[in-house]
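Here are some short exercises to work through with the structure on your screen. Try each task yourself before you read the solution.

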Amino acid sequence: MHSVTLIPGDGIGPEITGAVKTVIDAAGVDIHWDEQQVGQNALEKYGSPLPEHVIESIKANKVALKGPVTTHVGKGFKSINVTLRQTFDLYANIRPVKTLPGINGLFKDVDIVIFRENTEDLYAGIENIVDEDRVEAIKVITRKASRRIVEKAFEYAVLHGRKKVTAIHKANIMKKSDGLFLEEARKVAEKYRDINYEELIVDNACMQLVQKPGKFDVIVTENLYGDIISDLCAGLVGGLGVVPGINEGQELTIFEAVHGTAPDIAGKNIANPLALMLSAVEMLKHFGEHTAAKAIHKAIHDLLQEGKCLTPDLGGSATTKEMTKELCRLVNYC
Ligand code: NAI
């Protein structure tokens, strides 16, 4: 039996985590779900948005599956997502973006894996109020963090038979910080002569991604560019509702849906659970549960191909529960 810290989160979080639990159960994988609350609910109940017992639970299980959590804009507690990444040094944010059957995406040939550095850059949270008319945010780029994310991207490329790694930067303007990132990227690339290495300036990369995404393979980049590019790429294949997200460190991994809490549809039983389901497929692979991972993946493909039982965001009229039931049927059929 595997033990996983389950963070349902807010908004549609409980609906989609419920769906994922049901489908994994149907696939016959035995998981002990250690359910934990974070965010506003935890703040009210335990006096902290990320209580110590949740941190201990993740440390003990080494694997968490996380639904979306509300982050208030310009006020309130620090983002739980950012805090989790920093607390556990989850330095690699990995987002596989692939065209799925039946989804009305813009392109048919997208198969990109993005490696986003997850712990520093402008997300280090160093903001200073100089005076009432001026605020400064500090961009932090270190040799160590740059090196390990690029190494992760190349290791992945080798392991999965990928041909090319593209480092995305803005070193023409941020010559020192992005320059340091590139310096490390080049050193790592030197060690992997069988993998093509290219560099692209972020603005040019964005243009090429929306024109010719098929030419990209593995992308590695800093935190802020990675955040934006990940969502841009999700948009190429049907949006945030159909791409998984993985936050990986040396010791532990948090699998998550990359979309938000969708407050506009929360509690209406119409949330699409596929993004978290695809993240859960990655989690099953991580556990070595390859048969179940394949069965759920195939069920998702079949469901999309049939196109009969889809939630409204995918152009259908099914509820979350109906889609979950259909996935369970397809999993058993696989
Ligand atoms: P959002 O992703 O929650 O919603 C954007 C649009 O996409 C909405 O129209 C929503 O209904 C739709 N949508 C998102 N996920 C969907 C799903 N699974 N099925 C069907 N439709 C879906 O982004 P928004 O509105 O910017 O953020 C809302 C809240 O979520 C904020 O508090 C934000 O901080 C939080 N958030 C949390 C994240 C996380 O925990 N990983 C990531 C992004 C946002």
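**Exercise 1. Count the disulfides, then explain the result for Cys-233 and Cys-309.**

Step 1. Recall the idea: a disulfide is a covalent bond between the sulfur atoms of two cysteines. The test used here asks for a pair of cysteine sulfur atoms within 2.5 Å.

Step 2. Apply the test: the count comes to zero disulfides.

Step 3. Look at Cys-233. Its closest cysteine sulfur belongs to Cys-206 and is 8.3 Å away, so the two are too far apart for a bond. Cys-233 has a relative accessible area of 0% and is buried (buried means under 20% relative accessible area, exposed over 50%, partly exposed in between, with a 1.4 Å probe and protein chains only).

Step 4. Now take Cys-309. This residue is in no disulfide either, as the nearest cysteine sulfur, in Cys-328, is 11 Å away. Cys-309 counts as buried, at 15% relative accessibility.

Before you go on, a word about the model: it is predicted, so local features need pLDDT of at least 70 and side-chain atom pairs count only at pLDDT 80 or more, while totals for chains, interfaces and linings use all residues. Residues are numbered from 1 along each chain as its sequence is written, and side-chain values use heavy atoms, with hydrogens and water left out.

**Exercise 2. Describe strand E3 and its partners.**

Step 1. Find E3 at residues 63-66 (strands are DSSP runs of E, at least two residues, numbered from the N terminus).

Step 2. Sort the side chains. Val-63 and Leu-65 point one way, Ala-64 and Lys-66 the other way, and all are buried.

Step 3. Find the partners (two strands pair if DSSP finds at least two bridges between them). E1, residues 2-7, pairs with E3 in the parallel sense over three bridges; here Ile-7 has Lys-66 as its bridge partner. E12, residues 253-257, also runs parallel to E3, joined by four bridges, and Ala-64 is matched with Ile-254.

**Exercise 3. Explore the surroundings of the ligand.**

Step 1. Count the neighbours: 20 residues surround the ligand, and Val-69, Gly-260, Ala-262, Asp-264 and Asn-272 are the closest (a neighbour has a heavy atom within 4 Å).

Step 2. List some polar contacts (pairs of N or O atoms within 3.5 Å). A polar side-chain atom of Lys-66 lies 3.5 Å from a ligand oxygen. Backbone atoms take part too: one of Thr-71 is 3.1 Å from a ligand oxygen, and one of Thr-261 is 3.0 Å from a ligand oxygen.

Conventions. Polar contact = N/O pair within 3.5 Å; in protein donor to acceptor, adjacent residues only side chain to side chain.
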